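Hi,

Here is the structure I said I would pass on. Have a look at it first, and my notes come right after.

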Amino acid sequence: MLRTNWKQNGLSHGRIGALLRLGCVFLPLLVQAANLEVRPVTVPAGAMAQIRVELGAPLAVSVGSLRVELDGAVFGDIADVQMFSAAGDLLGTAEWDGRKAVVKFSSVAGGVGRIGGSPVMTVTAPVSGTAGAQGRVTVSALDWRDVAGEKFVVGDGLGMVTVGEAVVIEAVTRVGASSYRVTGRGFTAESRVTGEGMKVDRVAFRSGTELEVTVAGEGELTGRVFRVEGAEFVYAVRMEPVGGRRAFLPTQMYSSVEIGRQATPLGGGPALLFLENPHAVAVEVTGENFDLIGALSGRQTIVLPPRSLSENLRTLGFEATRSGGLLASMPIRAAFGRPLVDSLFAVSSGYEPFRLPAAPFSIPSTPIVFRQSGAQTVTLGVNGRTFEVTPIAVTTTERWLTAGVERQDSRSVSLSVRAEIGGMLPGDYLASVVVTPKDPGYEPQSIPVRLEVRAGEFIRLSPGAITLTSVPEGPITRAAGFAVRAENGASVPITLRTETDDGGRWLTVSTAATTTPAGPDVQANPAGLRAGTYRGRVMVRGPINEETLEVTLVVATPGVPVPLRLLSLTPGSLNFSRQVLAEGAPLSIGIQVTPFVASLGLAVLTESGGAWLEAVGSGSAITVTVNPRGLNLVVGIYRGSVKVSAPGAVNTLELPVTLRIWGGETEPLVVTPAAVSVADGQSGKFLVTSSGAPLEATALVEKEANGCALRINASKLMTPAEFSVFCVGPPGRYEGSVRITAGSRSVVVPVSVVIGPLAYTGLVNPAVVNTVANGASNRLGALAAGQYVALHGVGKDRQVTFDGLPARVLFESQFQTNVVVPEGVRGRSSTTIRVGSGEAVTVAVEEAAPGLFTMDGTGVGQGAILNQDNAVNAAERPAARGSVVQIFATGDGSVPGASVTIGGIGAPVIFAAVTVPGLFQVNAVVPEGVASGAAVPVTLQVGRFQAQTGVTMAVR
């Protein structure tokens, strides 16, 4: 029988890693065939049609060209052409004359066509004619190749645009940090706007041809689809084309550029400078020319209008073959090269952002100090003028610390810095405020911050949970109250608030007590509630921390019992260790049972050694005690368990307990490696073993690393145990140590720390996120907590946050970063993503967003599936009917109700759960009635959410 977790079914770490790399890190490994598709659309006569060209299956295209021809019976002359790349490194040109266009492009990272459901190109043209008339659109791909130069087989596309009454979007223009103007035809006051991967906060109706849309958060949404009542429009930064021609430039932005002596592209000849101003205001650009012997021959200044390309695509006289430079009042996009014979232009390797010699701001040398929570204003001096005023981004290294720009002018910058210490233990904490100039060439600068948390003012609640009972439409039910006290017995201020899982207002708490000690009353009003179980919380906030009282309301119909199911024990197992014949006090630990119940039944069982295990319960709290005294237990391992039941519960829970008795001298501790190095904010890991015998290992910081605060991921673990140590502080070199103690042994682990400024990459700073895709399916759209996602764009940073919550980074390159969405976004309707100090991108959040992993990473074709014998499913290794296959996906498998079909037939699911963070596994039985084949369709649904189609497996 197939077991139900990755260790038991033979799926190793290495194999999981291989499947994930195939799914969301590497480019497709095999050259594939795909067809171009032209999405059909209906457009009123006289309106502008955006014709959307897509691929039937994702490909990672590095270089190629496209030809488009529109039917003259319906279409007017082409007004614009746009191309889209997931990596943000697109280079190329589009040229059109009348109703024909030729597009030539390149993408070093293979970003064109890489994201399923995202367009490759859009063509905009006016539509005319009578209702019902149809205009043919033909599009063909010429010589498309991948990053290795291998040729793709791509079929021509054919589509129709119909003339008729319909809602149509003609243009989307960004008018503010988070607002967009949507223009088109057929809008009404009831029109609603939705979009892929973004949350629309507000829609304002201006007229039948204009809507104003506000989205959650700030950020550039290039490549995202806006929808109004069936009409769709792919948004791109709106730039006016120049004379039937458009240049596609990389997303990296430059304020200063140096073109050196090696910058002559392609070995000689005239060079062109392509400039693009994506801003809503004009940008002034000053350029310098050098003659053939290197002497300064002149300086030229031009003004780039808002949303424009440089006039005629050649400016500032950059046709000399030597060197020159430019300076822009705001960051702009640029590419330096010369046209090739096919009009595609190349970027010169000598074109790099200019590295400015000095920091633009003076940073305080002494730390900012907080005692408990608070806020301070910090002033930075400006070291001369750079261009006008250098814009900055402000980030922090710890979640308890926030900072932002309060005021900025040509003389100084004021930062607002705030510390919030909710839930933090007493002690001193170190962090940094990182100020990053947005102009490339400047290094980030850090301001050290120290937080001093005093003991004694922490509040505690007793009990931690209560249960109330009532009947439908019954009277208000009151609890006897709960106690709130300060840890040092002092009188401290408190505030109280309530929330419920269903959003109802049945839970209230008295707020008469505003200081500790206090005994607030809790009451529940069942009016309007049906029979069932309801859950809520009372949150009590003190000066330092916030504590939560869990409240359960059981509304029962008289005479009809409400089924009770015990859900979980926290923790789920216990390990103890004791020296043989030791006379120390008994070892005890508390266990919580979910949900809260009035009383518990406990049954204790030991496999050997006698009555060394005890357990007592009070409400939903259990205390488990190990007391081997007087039993003459010899050296060895003893196992037992505690079975937990409750009156009326339909199930029981079992708590495994292990006791290890060791001799006078325990086995030597082995720490691998013997010394740990930590670099640039990363964590250093070391493994602690004790000759294979489990011992409780304690890790404590023995020596702080000077100005850097050493932190350990856990204080106690059972061996073999892996500890992680990290350090937070300003740039510098530090030395510290950690002491590991287990049994009678102790080992000191030296820790070396090197924290440096962020490495300068030569690319965009800060990073730009263009698209957010499911890490398995490669599809755009909403995401879920705990999901693998791939952030496509340009630039990278070790810090990726979702609503300020740090995300675990699995892979990073200049064009793609893969992360796991933090659990903290669960329950939210949208989340704001930042890579480092880059612009925010807002993406919608759902309960689940399932995606199936495939072997080539495209999201279609052969799935990443293991057969019952753990062989990778393939045409040469098909799965037998009636056997169990292991299907791997992402997108939160904790949502109940996973269902699978194989060949269109429901496949019984025998196991579905998250096995490692971000990855969930579904074990399903191949139906007996399914037809055999090398490409049998597989589908997955989690709750009401459907994974992508087009995934297959082999069946015999």
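Below is what turned up, starting with confidence and then moving on to the cores, a set of strands and one threonine.

First off, this is a predicted model. The average pLDDT for the chain is 78, and 80% of the residues reach at least 70. Two stretches to watch: residues 1-31 stay under 50 in pLDDT, though the model still gives them 71 contacts beyond four places in sequence. Residues 290-297 also stay under 50, with 16 contacts beyond four places in sequence. Where pLDDT is low, the coordinates shouldn't be read in detail, so I'd say the usual caution goes for those contacts.

On to the cores. The largest nonpolar core has 43 residues, and the members touching the most others are Leu66, Met83, Met121 and Trp144. Another core lies apart from that one; it holds 25 residues, including Ala848, Ala907, Val936 and Val951.

Now the strands. S67 (residues 830-835) pairs with S63 (residues 800-802) in the antiparallel sense, over three bridges. In that pairing, Phe802 sits opposite Ile833 of S67. S67 is also joined to S68 (residues 841-844), again antiparallel, by four bridges. One of the bridge partners here is Ala844 in S68, which goes with Ser830. S67 and S68 make a hairpin, with five residues between the two strands. In the turn, Gly836 has a positive phi of about 60°.

Which residues of S68 are buried on its two sides? Val841 and Val843 are buried on one side, and Thr842 and Ala844 are buried on the other, so both faces of the strand are covered.

Last, Thr658, which is part of strand S51 (residues 653-662). Is Thr658 buried or exposed? Its relative accessibility is 17%, so Thr658 counts as buried, the cut-off being under 20%. Leaving out residues up to four places away in sequence, Thr658 touches Leu574, Asn575 and Phe576, and also Ile637, Tyr638 and Arg639.

That's the lot from me.

Cheers

Note on methods
Residues numbered from 1 in each chain as written. Predicted model: local features only at pLDDT ≥ 70, side-chain atom pairs only at ≥ 80, totals over all residues. Heavy atoms only, no water. Core = buried A, V, L, I, M, F, W, Y, C linked by side-chain atoms within 4.5 Å. Buried < 20%, exposed > 50% of the residue type's maximum accessible area, 1.4 Å probe, protein only. pLDDT = per-residue confidence, 0-100. Contact = heavy atoms within 4.5 Å. Pairing = 2+ DSSP bridges.
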